[in-house]
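Q: I am new to this structure and would like to learn how to read it. Could we go through it together, one feature at a time?

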Amino acid sequence: MSHALDSTWKALVENLPDGVCYVSMEGIVLHANRSFASLLGFSSQQVLFGLSLLTFMHPDYHVPMEDFLHRILQKDKSLSAIQVQILGSDENQRWMEIRWIDIPVEEGAFLVVRDLTSYKTLQEELLLQALTDELTGLYNRRGFKMMAEQELKHCHRLKTEVVLLSIDIDTFKQINDTYGHDEGDRVLKLVAKTLETSFRSSDIIGRWGGDEFLVLALDAPSGTVDLLAARFKQALCDISQRQGLPCMIAVTIGSAFSNAKTISSLEQLIQQADKAMYANKRR
């Protein structure tokens, strides 16, 4: 390669929008372009030379990054890229993709680094939309099932008791028919807000559909159900008066339990709580 062409290639790498760096066998930055420094929040790449890549990484990603470096330096092509969280000089966390470029060198490796923060943020927003009820902001059916099943498995491992509450708004159809759907939506929002303030942030709350809500109360002894239900109903009564609603919001609640002796699946808990709720409605 001629000297002129060699200079052109260096200029090209220096001005690429993606970060490029050359690291040693130990993951020490030996060379880097301006974009790489900029991604980490530095104005000059020279300050990075001699520092480990791990210096800029969130602690949760130190082990995966060390494993990645070990693989690529052994020319293991089974994993050519990794996504990590970076802690830049401004202490802002960003998502980066680090990709290995398989260029033959005696020691070390060439890496290309790309900022994934916008993509990750969009991905998280889309996931949240897919799992959230648009009207109330609670988990929708899909979101509740996903989160509740995960927490239920955790509680089963720890052998802690959980309570599932099935909550149905009384005379909701009459509210819609008499006062209109806007008032019906207002009632749904108030019930949702009251659920969030009446239960702990660790409990899983969702709108199961229509005017039915579910709550998975974690690490809650079955003896506390009456207290939980009474507290929630009183809160609904209070908010109905404060908001000047044309009618009082009333609900019917059914419950089901799972503990070390009677381990139940989420589907079984929902069926049992629904059955209890409808039985209470008929009374």
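Q: Let's begin with the inside and the outside. What percentage of the 283 residues in the protein is buried?
A: Happy to help! Keep in mind that this is a predicted model. A residue counts as buried when its relative accessible area is under 20%. Here, 43% of the 283 residues are buried. As for the surface, the protein has about 15900 Å² of accessible area, with 53% of that belonging to carbon and sulfur atoms.

Q: How far can the prediction be trusted, and what is the mean pLDDT of the protein?
A: The general idea is that where pLDDT is low, the predicted coordinates should not be read in detail. In this model the mean is 86, and 96% of the residues reach 70 or more. Confidence is lowest in helix α1 (residues 3-14), with a mean of 71, while strand β8 (residues 212-217) has the highest, at 95.

Q: How many helices and strands are there in the secondary structure?
A: There are nine helices and nine strands. The overall form is worth a look too: the radius of gyration is 28 Å, well over the 19 Å that the globule rule gives for 283 residues, so the protein is more spread out than a compact globule. Along the principal axes, the C-alpha atoms fill a box of roughly 90 × 45 × 25 Å.

Q: And what about contacts between residues that are not neighbours in sequence: what percentage joins residues at least 24 apart?
A: Take the contacts between residues at least 6 apart in sequence; 55% of these join residues at least 24 apart.

Q: How many positive and negative side chains does the protein have?
A: The count is 29 positive and 37 negative, and the centres of the two sets lie 7 Å apart.

Q: Now for single residues. Is Leu266 buried or exposed?
A: Leu266 has a relative accessible area of 4%, so it is buried. You will find Leu266 in helix α9 (residues 266-282). Not counting residues up to four places away in sequence, Leu266 touches Phe144, Lys145, Ala148, Glu149, Leu152 and Leu164. Leu216 is 50 residues away along the chain, and its C-alpha atom is separated from that of Leu266 by 9.4 Å.

Q: Which strand holds Gln85?
A: Gln85 is in strand β3 (residues 81-87). Its relative accessible area is 16%, so Gln85 is buried. Beyond its neighbours within four places in sequence, Gln85 is in contact with several residues, among them Phe56, His58, Tyr61 and Trp95. Between Gln85 and Trp100 there are 17 Å from C-alpha to C-alpha, with the two residues 15 apart in sequence.

Q: Which residues does Arg99 touch, apart from those up to four places away in sequence?
A: Arg99 touches Ser80, Ala81, Phe110, Leu111 and Val112. The residue lies in strand β4 (residues 93-101). With 34% relative accessibility, Arg99 counts as partly exposed. Phe68 is 31 residues from Arg99 in sequence, and their C-alpha atoms are 10.0 Å apart.

Q: One last feature, the backbone angle phi. What is the value of phi in Thr171?
A: As a general idea, most residues other than glycine have a negative phi. Thr171 has a phi near 50°, which is a positive value in a residue other than glycine. You can find Thr171 in the loop between β6 (162-169) and α6 (172-179). Thr171 is partly exposed, at 47% relative accessibility.

Terms used: Residues are numbered from 1 along each chain as its sequence is written. This is a predicted model: local features need pLDDT of at least 70, side-chain atom pairs count only at pLDDT 80 or more; totals for chains, interfaces and linings use all residues. Side-chain values use heavy atoms; hydrogens and water are left out. Helices (H or I, at least four residues) and strands (E, at least two) are DSSP runs, numbered from the N terminus. The radius of gyration is taken over C-alpha atoms; the globule rule is 2.2 Å times the number of residues to the power 0.38. Buried means under 20% relative accessible area, exposed over 50%, partly exposed in between (1.4 Å probe, protein chains only). Contact means heavy atoms within 4.5 Å. Accessible areas come from the Shrake-Rupley method with a 1.4 Å probe; for residues, only the protein chains shown count as cover. Lys and Arg count as positive and Asp and Glu as negative; His and the chain ends are not counted. The place of a charge is taken as NZ of Lys, CZ of Arg, CG of Asp or CD of Glu. pLDDT is the predictor's confidence in each residue, from 0 to 100.
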